Amino acid sequence: MQMPFQLTILGSSSAMPTSKRYPTAQVLNVLGRFFLIDCGEGTQHQLRKNGIGFGRLNHIFISHLHGDHFFGLIGFISTQVLLGRTNDLHIYAHSELQRYIQFQIEFLKIEELGFRLAFHPLNFKKEQLIFDDEKLSITSFPLNHRVPCCGFLFKEKNREPNIKKEQVKKYKIPIREIKNIKSGADFTAENGKIIPNKDLVISPSKPRSFAFCSDTAYHEKVVPVIQDVDILYHEATFADSEKQLAKTTFHSTGKQAALIAQKAHAGQLLIGHFSARYKEPDILLEEAQSIFPNTTAVTEGDVYEVIRD
């Protein structure tokens, strides 16, 4: 059974909430680990509604310091105190956010957190590896917005192939040789016959990936960074008729999001961060699909998953 690589949409509105949509927030589940991307108002409610336990979130990524992307953060931290959290909480954001959150903690007289708030400042001028372990890497990269803003690329690491158990038995492969075989070595049987590596292992599936691009004007510099990404979430605040407004406010249209997906050879495009002027994002979706057919307009509660054969 393949471990999950699953995105849940918690908020898809821009600037302000509507009666149907919350400000930006998403959760990415990678192999059973949960990462929160942006934390607009209502994020806690949406986490509850979607059955995502607060304690499972140890890493939070804040793209930029506009309120619709982080106003839910102090509430989330306060709840963690009430729940008796003890695990470190890592926050990847503009360095100024630490000062802002510290002021709120002092103002609210939260004297003892009970856990460590670990702040990791983002680089808004170039790509930066901000998280890396044996299973996953996360890279931040600059977007083009009115204030410093970063996108995030989540990529699974290459996994070792699985050795075929029947071949181990057939060729009497000793345990000491298995590591070498998984690393690509052939095996010499007792009779001197060389067994090719491809006959001994099952190749792992291709690593999966997700890129988050919000908020940003049309920005082709992100294309090499997110090349061949499986799922691309790209803001599409306005319809093409408002492209001048999009340019002025450093946002994107549905068509522009689709052009980025097309140039990056993305597997799937998700558009969101819709302006409240659109009761339904049909026009944005239509315009995006005219350029990149595999486009979906997200809605709160939607779940998207990358599954390999």
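**Close-up views of a predicted model**

**View 1. Q26 in strand β2.** Q26 sits in strand β2, which spans residues 25–30. The model shown here and in every view below is predicted. Q26 is buried, because its relative accessible area of 0% falls under the 20% cut-off. Many partners surround Q26 once neighbours within four places in sequence are left aside. L7, T8, I9 and L10 are among them. F35, L36, I37 and D38 also touch Q26. The remaining contacts of Q26 are F210, F212 and Y233.

**View 2. L232 in strand β15.** Strand β15 holds L232. L232 has a relative accessible area of 0% and is buried. F212 lies 20 residues from L232 in sequence, yet their C-alpha atoms are 6.3 Å apart in space. Residues up to four places away in sequence are not counted in the contacts that follow. L232 touches A211, C213 and I226. L232 also meets I260 and A261, two of the buried residues of helix α7. A266, Q268, L269 and L270 complete the contacts of L232.

**View 3. The buried side of helix α7.** Helix α7 runs over residues 254–264. Its buried residues are G254, A257, A258, I260, A261 and A264. They span an arc of only 155° around the axis, so they lie on the same side of α7. In an α-helix, residues three or four places apart point the same way, because there are 3.6 residues a turn. The cover over the buried residues of α7 includes strand β15 (231–235), strand β16 (268–272) and helix α8 (282–289). Just after α7, H265 adopts a positive phi of about 55°.

**View 4. Helix α2 against helix α3.** Helix α2 covers residues 73–82, and helix α3 covers residues 96–107. The two pack at an angle of about 55°, and their axes are 11 Å apart. That angle makes α2 oblique to α3. The crossing of α2 past α3 is right-handed. From α2, the contact residues are L73, I74 and I77. From α3, they are L97, I101, Q104 and I105. By class, this contact has 6 nonpolar residues, 1 polar residue and no charged residues.

**View 5. Backbone exceptions in three loops.** Most residues other than glycine have a negative phi, and most peptide bonds are trans. A15 is not a glycine, but has a positive phi of about 60°. The loop between β1 (5–11) and β2 contains A15. A15 counts as exposed, at 61% relative accessibility. K109 is not a glycine either, and has a positive phi of about 55°. K109 belongs to the loop between α3 and β6 (117–121). With 66% relative accessibility, K109 also counts as exposed. S214 and D215 are joined by a cis peptide bond, with omega about 0°. D215 is found in the loop between β14 (209–213) and β15.

**View 6. The chain as context for the close-ups.** The chain has 8 helices and 18 strands. Its C-alpha atoms fill a box of roughly 75 × 55 × 35 Å along the principal axes. Of its 309 residues, 51% count as buried. Among contacts between residues at least 6 apart in sequence, 65% join residues at least 24 apart.

Definitions and conventions. Residues are numbered from 1 along each chain as its sequence is written. This is a predicted model: local features need pLDDT of at least 70, side-chain atom pairs count only at pLDDT 80 or more; totals for chains, interfaces and linings use all residues. Side-chain values use heavy atoms; hydrogens and water are left out. Axes are lines fitted to C-alpha atoms, for helices over the stretch in contact, and angles run from 0 to 180 degrees between N-to-C directions. Helices (H or I, at least four residues) and strands (E, at least two) are DSSP runs, numbered from the N terminus. Angles under 35 degrees count as roughly parallel, over 145 as roughly antiparallel, 65 to 115 as roughly perpendicular and the rest as oblique. A crossing is left-handed if the near helix is turned anticlockwise from the far one by less than a right angle, and right-handed if clockwise. Contact means heavy atoms within 4.5 Å. Ala, Val, Leu, Ile, Met, Phe, Trp, Tyr, Cys and Pro count as nonpolar, Asp, Glu, Lys and Arg as charged, and the others, Gly among them, as polar. Buried means under 20% relative accessible area, exposed over 50%, partly exposed in between (1.4 Å probe, protein chains only). The arc is that of the directions from the helix axis to the C-beta atoms.
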